[in-house]
Structures are given as C-alpha cells and as structure tokens.
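Trainee: Can you go through this one with me? I would like to start with the ligand and then do the sheet and the helices.

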Amino acid sequence: MWLRRGAPATTPEPSPEAEPHSALLLNEVHRRYSDGGATVTALAGVSLRVPRGSFLAVMGPSGSGKSTLLNCASGLDTVSSGSVRIGGTDTSALKEPRRTLFRRDRVGFVFQSYNLVPTLTAEDNITLPLRLAGRHPDRAWLRGLVERVGITDRLRHRPSELSGGQQQRVALVRALATHPEIVFADEPTGALDAQGARRILRLLADVVRDLGQTVVMVTHDPDAAAHAHTTASMTDGRIVDVHPAAATRRFTAVGGE
Ligand SMILES: Nc1ncnc2c1ncn2[C@@H]1O[C@H](COP(=O)(O)OP(=O)(O)OP(=O)(O)O)[C@@H](O)[C@H]1O
C-alpha cells in the first residue's frame with residue numbers, strides 16, 4: 001500500500017515574505033462577473049487573515065458570495081482585483097499553468113459531492129493527486145490519516161461500494177495527502193445524514209487540532225459552523241461579521257468596505 005513511486009515534484013516555492021503565520025491572506029479582493037451585459041459583483045472587497053492551524057467557517061445567505069470567496073481564495077477562480085496569498089505565495093499573481101500546479105500541490109479540497117473518480121479504488125483516489133504531481137507518497141502520513149478516519153478496511157473498494165460518509169472520509173484523506181498548506185471544504189456535509197455529517201466535522205476539527213492543519217469551510221449549517229473556531233458571516237459580497245467560537249479571537253476581518 002502507498003508504494004507507488006515517481007519523479008520529484010515541481011512545486012513552486014513560497015516566497016519567504018511577511019505573514020509567516022498566515023495560511024491565507026486576502027487583501028481587498030473583488031470579483032466581478034459579466035452577466036448578459038450587466039456586471040455582478042460577487043465579492044466587494046474582502047480582506048481576511050486565516051492563521052495556520054485554525055478552522056474558519058464561512059456562512060451567509062444564498063448569493064452572498066461564499067462559493068466565490070472559496071473559489072477565489074483557493075485559486076479555482078481568478079480575482080478581479082486585490083490579492084490572495086497562501087502560505088506566503090501570492091497566488092493571485094500566478095499565471096496558468098502555475099496556479100493549477102500550486103493548487104494541486106499545496107491546496108486540499110473537500111466538496112459536497114465528494115468528487116471521487118468512480119473507476120478508481122479508495123486508495124487510488126487518495127494517491128491520485130500525489131501521482132499526478134509525481135510525488136512519493138508519505139506512507140506513514142497516509143497510514144495515519146486512513147486509520148484516523150476509519151477507512152483502513154475500505155481502501156480496495158470503489159466509491160460506489162462505499163457509503164456517502166465513507167466516500168467523504170476518503171475525500172478528506174485525499175485532501176490531506178499532499179500535506180497541503182490549507183484545506184477548503186465546500187458544504188462538506190451537505191450530502192450526508194446527521195451522523196455522517198458529525199463524523200466529518202469532528203474529523204475536520206481533529207486534523208486542525210492534532211495535525212495543525214488549516215481549514216476553511218463554507219456551510220449553510222450553523223451546527224456545522226459550530227465545529228470551527230470562528231465563523232465569518234457574508235452579506236452582499238462582504239464579510240460583515242466575524243464571530244469567534246472559542247475564547248480567543250483568532251481571525252481578523254480587516255479593511256472590508
Ligand atoms: N460565474 C458567474 N457568473 C455570473 N454571476 C455569478 C457567477 N458566479 C457567481 N455569480 C453571482 O455572484 C453572486 C455570489 O454567488 P455565490 O455562488 O458566491 O454565492 P453563495 O453565497 O455561495 O450562494 P449559495 O449559498 O446559493 O451557494 C451571486 O449573485 C451569483 O449569482
């Protein structure tokens with residue numbers, strides 16, 4: 001298991017610039033879309049700092065910009081203006097294909113619909129990003145993750161042979177397999193029953209607490225958000241409030257219009 005080998009990765013190195021303790025730094029991020037002649041402003045000046053080893057939930061009504069924030073912050077989408085830094089790298093300045101490579105090598109994703117490859121086993125799904133990057137799997141890390149999420153006996157199964165909760169746990173291990181700088185989770189419990197949802201949320205909180213991982217999660221569900229350290233609330237493309245869930249205010253919304 002986890003024995004495949006490949007060439008070394010070609011991950012862009014982060015610049016040794018300021019904010020060494022920030023996993024994610026957004027500065028005055030705007031995102032505008034053209035919509036049949038009209039301009040839609042999905043993000044209207046979002047500034048946010050997410051420290052390493054912290055867990056942020058992003059909430060807000062439908063259309064408030066949560067998915068756009070996640071897409072822009074993770075490099076899935078480009079910003080219209082402003083900047084995004086992940087672990088010291090200005091990802092908003094990266095051109096393709098470097099942005100895609102950076103995302104693949106340094107960012108983890110967990111989606112509502114799991115996004116597993118149906119023809120691959122759980123194990124092959126987990127190692128796929130590593131193989132695409134030509135990286136050697138960190139076998140001890142992967143074994144620990146698989147044991148932590150409780151899918152050791154499911155690695156040979158294909159997604160159709162797994163429950164939704166098991167599939168999402170495979171997706172979580174896949175997201176963490178590359179030792180990412182940050183994990184973005186988009187409604188990770190949206191397709192799960194209450195028990196499966198609680199398990200995923202506890203696992204996300206565990207990997208933050210025990211492994212020092214940084215997680216940003218978009219959710220509609222206040223119960224899900226309660227597992228995070230902090231909740232950022234969005235309205236009309238802006239972060240309008242930050243509610244610390246713990247005693248320490250670990251996140252700072254700065255300079256939003
Ligand atoms: N590609 C696009 N083209 C045009 N408008 C877009 C595009 N993507 C998002 N928008 C608009 O930007 C605004 C924010 O959308 P976004 O999907 O980020 O909101 P959301 O808070 O995630 O909503 P939901 O909770 O319903 O998923 C909405 O008005 C949406 O219609």
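Mentor: We will take the ligand, the sheet and a helix pair in turn, and keep in mind that this is a predicted model.

Trainee: Ok, which residues surround the ligand?

Mentor: They are Tyr33, Asp35, Val40, Ala42, Gly60, Ser62, Gly63, Ser64, Gly65, Lys66, Ser67 and Thr68. Strand E1 (22-35), strand E2 (38-51) and helix H1 (66-74) each give two or more residues to that shell.

Trainee: Which element gives the largest share of the shell?

Mentor: H1 does, with 3 residues.

Trainee: And how do the shell residues divide into nonpolar, polar and charged?

Mentor: There are 3 nonpolar, 7 polar and 2 charged residues around the ligand.

Trainee: On to the sheet. What is the strand order in the open sheet of 6 strands?

Mentor: The order is E6-E7-E8-E3-E9-E10, and the pairing is mixed. Strand E6 (107-111) and E10 are at the edges with a single partner strand each, so each has one side without a neighbour in the sheet. From one strand to the next, the twist averages 20°.

Trainee: What about E3, how many bridges join it to E8?

Mentor: There are 4 bridges between E3 and strand E8 (residues 215-218), and the two run parallel. Val58 is opposite Val218 in E8. Strand E3 (residues 55-59) also pairs with strand E9 (residues 230-235), in the parallel sense and over 4 bridges. There, Met59 has Ser233 of E9 as its bridge partner.

Trainee: Do E9 and E10 run parallel or antiparallel?

Mentor: Antiparallel, with 6 bridges joining E9 to strand E10 (residues 238-244). One of the pairs is Thr230 with Pro244 in E10. E9 and E10 form a hairpin with 2 residues between them. Asp236, in the turn, has a positive phi of about 50°.

Trainee: Now helices. What do people use to describe two packed helices?

Mentor: The angle between their axes and the distance between the axes. For helix H3 (residues 122-132) and helix H5 (residues 164-176), the axes come within 7 Å and cross at roughly 30°. Angles under 35 degrees count as roughly parallel, and H3 and H5 are therefore roughly parallel to each other.

Trainee: Is that crossing left-handed or right-handed, and which residues make the contact?

Mentor: The crossing of H3 and H5 is right-handed. H3 contributes Ala122, Asn125, Ile126 and Pro129 to the contact, and H5 contributes Val170, Val173 and Arg174. The residues of this contact divide into 5 nonpolar, 1 polar and 1 charged.

Notes: Residues are numbered from 1 along each chain as its sequence is written. This is a predicted model: local features need pLDDT of at least 70, side-chain atom pairs count only at pLDDT 80 or more; totals for chains, interfaces and linings use all residues. A residue is near a molecule or strand if its C-beta atom, placed from the backbone, lies within 6 Å of it. Ala, Val, Leu, Ile, Met, Phe, Trp, Tyr, Cys and Pro count as nonpolar, Asp, Glu, Lys and Arg as charged, and the others, Gly among them, as polar. Axes are lines fitted to C-alpha atoms, for helices over the stretch in contact, and angles run from 0 to 180 degrees between N-to-C directions. Angles under 35 degrees count as roughly parallel, over 145 as roughly antiparallel, 65 to 115 as roughly perpendicular and the rest as oblique. A crossing is left-handed if the near helix is turned anticlockwise from the far one by less than a right angle, and right-handed if clockwise. Two residues are in contact if their C-beta atoms, placed from the backbone, lie within 7 Å. Two strands pair if DSSP finds at least two bridges between them.
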